[in-house]
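Student: I should like to learn how to read a structure that is new to me. May we go through it one feature at a time?

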Amino acid sequence: MTKNIVKLAALPSVFGLVALSMSVKDADKPRENSTEGLELFYTVPQFDETDTAVLDKTSNLNLATPGKSFTGFKEALGFKESQNDYKRINQLGYLGKYQFGRSTLLLLGVTDTDEFINNPRLQEKAFVANASRNKWVLRKDIKRFTGKVINGVKVTESGILAAAHLAGPGSVKSYLRSGGVEGFRDAFGTSVYSYMKKFAGYDVSFIEPNRNAKVDLDS
């Protein structure tokens, strides 16, 4: 009986040695467990696209979010456009995370759409350049209408720039100057009004108005 007790007592040590050998074996293969080379994308859903009941239950969790920063603005807009998919091409031929049209890309100095769809850095640069152009075109309207309420929505600079990304600055001018009467909807029914509302209140002071902004990958 004493021998049986000794055998049982030795079992935990045996299991411990086996577990240790397994962990050492895994440590010898760090590349098999590494995320190096993987494309990791993080999305920021809008609150109205999530289950509010779930948000209530998780409200005490320490969740890192970009909030109303410029990063939050472009990530939220990218999520709305493509779910932040850099390789997305929709049925109308709009490209990338921010769903750019080819004519807009040419205006920004981008001529190779194959390179564009495979280059996230190029897409981010194009977004900033396009926003800079739109901010220059709409600079007077931003000054004139920011803080006013149109169709029940408080006008903000970020809302104006988001709507310009959707519809172009000319359509946004018409909307603002008509008091919201002259609206715009894209092929999917998305309106200037909806973007003005959805993307209100972000900090877009990072964007400098620039009439001739182009994509510059060297900067």
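Student: Which residue just after α8 takes a positive phi?

Tutor: The model is a predicted one. In it, G168 follows directly after α8 and has a positive phi of about 90°.

Student: How many residues of helix α8 are buried?

Tutor: A residue counts as buried when its relative accessible area is under 20%. In α8, which spans residues 157-167, 10 of the 11 residues are buried, and the helix is thus mostly covered. Those buried residues are S158, G159, I160, L161, A162, A163, A164, H165, L166 and A167. For the protein chain, 35% of the 219 residues count as buried.

Student: What covers the buried residues of α8?

Tutor: The cover includes α3 (70-82), α6 (120-137), α7 (139-145), α9 (169-177) and α10 (192-198).

Student: How does one find where empty space is left?

Tutor: Rolling a probe the size of a water molecule over the atoms reveals such space. A cavity is a set of points where the probe fits but cannot get out, whereas a pocket is an open set. This structure holds one cavity of 30 Å³ or more. About 40 Å³ of space lies in the largest cavity.

Student: Which residues line the largest cavity?

Tutor: Its lining consists of F73, F127, N130, A131, N134, L161 and H165. Helix α6 gives the most to this lining, with four residues, and α6 and α8 each supply at least two. By class, the lining has four nonpolar, three polar and no charged residues.

Student: What is the volume of the largest pocket, and which residues are the closest to its centre?

Tutor: The largest pocket has a volume of about 680 Å³. Of the 31 residues that line this pocket, E81, Y94, Q99, H165 and L166 are the closest to its centre. H165 is also listed in the lining of the largest cavity, and both H165 and L166 are among the buried residues of α8.

Student: Which helices each supply at least two residues of the pocket lining, and how does that lining divide by class?

Tutor: The helices α3, α4 (102-107), α6 and α8 each supply at least two residues of the lining of the largest pocket. Its residues divide into 14 nonpolar, 11 polar and six charged.

Student: How many helices and strands does the protein chain have, and in what order do the elements run?

Tutor: The protein chain has 10 helices and two strands. From the N terminus on, the order is α-α-α-α-α-α-α-β-β-α-α-α.

Methods. Residues are numbered from 1 along each chain as its sequence is written. This is a predicted model: local features need pLDDT of at least 70, side-chain atom pairs count only at pLDDT 80 or more; totals for chains, interfaces and linings use all residues. Side-chain values use heavy atoms; hydrogens and water are left out. Buried means under 20% relative accessible area, exposed over 50%, partly exposed in between (1.4 Å probe, protein chains only). Contact means heavy atoms within 4.5 Å. On a 1 Å grid over the protein atoms alone, a cavity is a set of points where a 1.4 Å probe fits but cannot get out, and a pocket is an open set with protein on both sides within 12 Å along at least five of seven lines; lining residues have an atom within 4 Å of a point. Grid points are joined across faces, edges and corners, and a volume is the space filled by probe spheres set on the points. Ala, Val, Leu, Ile, Met, Phe, Trp, Tyr, Cys and Pro count as nonpolar, Asp, Glu, Lys and Arg as charged, and the others, Gly among them, as polar.
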